[in-house]
Amino acid sequence: MRRNSRASRARLSLSLLLVAGALGLGATPATAAEVHTAAAAPSVIPSASAYALDAAVERTLGAGTAGTYLDRKTGELVVTVTTDRAEEQARATGATVRRVARSAAQLDSTIETLEAEAKITGTSWGIDPRTNQVAVEADSSVSARDMARLEAVAERLGGAVSISRVPGVFHREVLGGGAIYGGGSRCSAAFNVTKGGARYFVTAGHCTNISANWSATSGGSVVGVREGTSFPTNDYGIVRYTDGSSPAGTVDLYNGSTQDIASAANAVVGQAIRKSGSTTKVTSGTVTAVNVTVNYGDGPVYGMVRTTACSAGGDSGGAHFAGSVALGIHSGSSGCSGTAGSAIHQPVVEALQAYGVSVY
């Protein structure tokens, strides 16, 4: 479940799909002292009914739940609550219920405190309903002085915050290997979308900020024109095809095959996810936090999703998906170490709603 915490705040290869990215963020997380046990747990492949139930719980309970996640053993959706009334409502939806210590309001208040007192470049935080905490990551650019400040704020919050130190630095960088070109840079699209018979693709907003016109090859003819962009705060943008093409609604699996995309949903903590990007190709991981704030050097983004998928500079704008379900647009990461990463995505549902488009 993803609550909006901002209130506190050709053709591209003709029929080929647009994927991957060329604006990425730096190196990989590993914790300061130990790996989170929740993040290390095996991920679950959610069913269509799990996504539907998660959406139903969000509609019914709203802030009455402290978050939802998939049980790694049963695959069932677990709803965390703190009151009898919320427990009754949650059980009525058919979900498994777990009582926790901290309410949604308390977790949101924790995020507000971090936003006000520990907004340090090189940090990110988001809600992990499995631990009923706000999980914070701090990259290697965070100084000892700022780390002490962060830890002091966390200590005052009485166990509501967990902190992990990660190597590498969150930063944006332009690399080669992307599928679309604009303003002298290379990026890629995440998903092809449609509205009223017109075809578009969505990608990262820090890509569409660069240029209004996009080509399939460096210096090539324009195949699409930007119709919207949002970064920072969000990280999504949309480009309308202007070359008359009708590209397929699929994701490149980098093995000669593609994955059809039939629907879109918000990711659920604990679920399995795949990322398709031009640098690290297809990687897999687990969703570990939602409502994530990432404090990039040129501005924060809010309401993001954190995963353990590997990624690297050049993957930005790529596709995060599970089977035929579109989940997110790759925003960045702190890289990859072995098979453990911290890829961040912009929930695609928000972008689709913003532009009134749908996957196909």
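**Getting to know helix α5**

Q: How do you know that the length of helix α5 agrees with 1.5 Å a residue?
A: Helix α5 has 13 residues (144–156), and the expected span is 1.5 Å times one less than the number of residues, so it should span 18 Å; its end C-alpha atoms are 18 Å apart, which agrees. Helices here are DSSP runs of H or I with at least four residues, strands are E runs of at least two, and both are numbered from the N terminus.

This is a predicted model, where local features need pLDDT of at least 70 and side-chain atom pairs count only at pLDDT 80 or more, while totals for chains, interfaces and linings use all residues. Residues are numbered from 1 along each chain as its sequence is written, and side-chain values use heavy atoms, leaving out hydrogens and water.

Q: Which residues of α5 are called buried?
A: Buried means under 20% relative accessible area, exposed over 50%, and partly exposed in between (1.4 Å probe, protein chains only). M147, L150, V153 and A154 of α5 count as buried.

Q: Why do the buried residues of α5 line one face?
A: Going by directions from the helix axis to the C-beta atoms, they fall within an arc of 125°, so they line one face of the helix. On the other side, A144, R145, E155 and R156 are exposed.

Q: What do the buried residues of α5 pack against?
A: They pack against α4, β5, β6 and β7, with contact meaning heavy atoms within 4.5 Å.

Q: How many residues of the protein count as buried, as a percentage?
A: Of its 360 residues, 58% count as buried.
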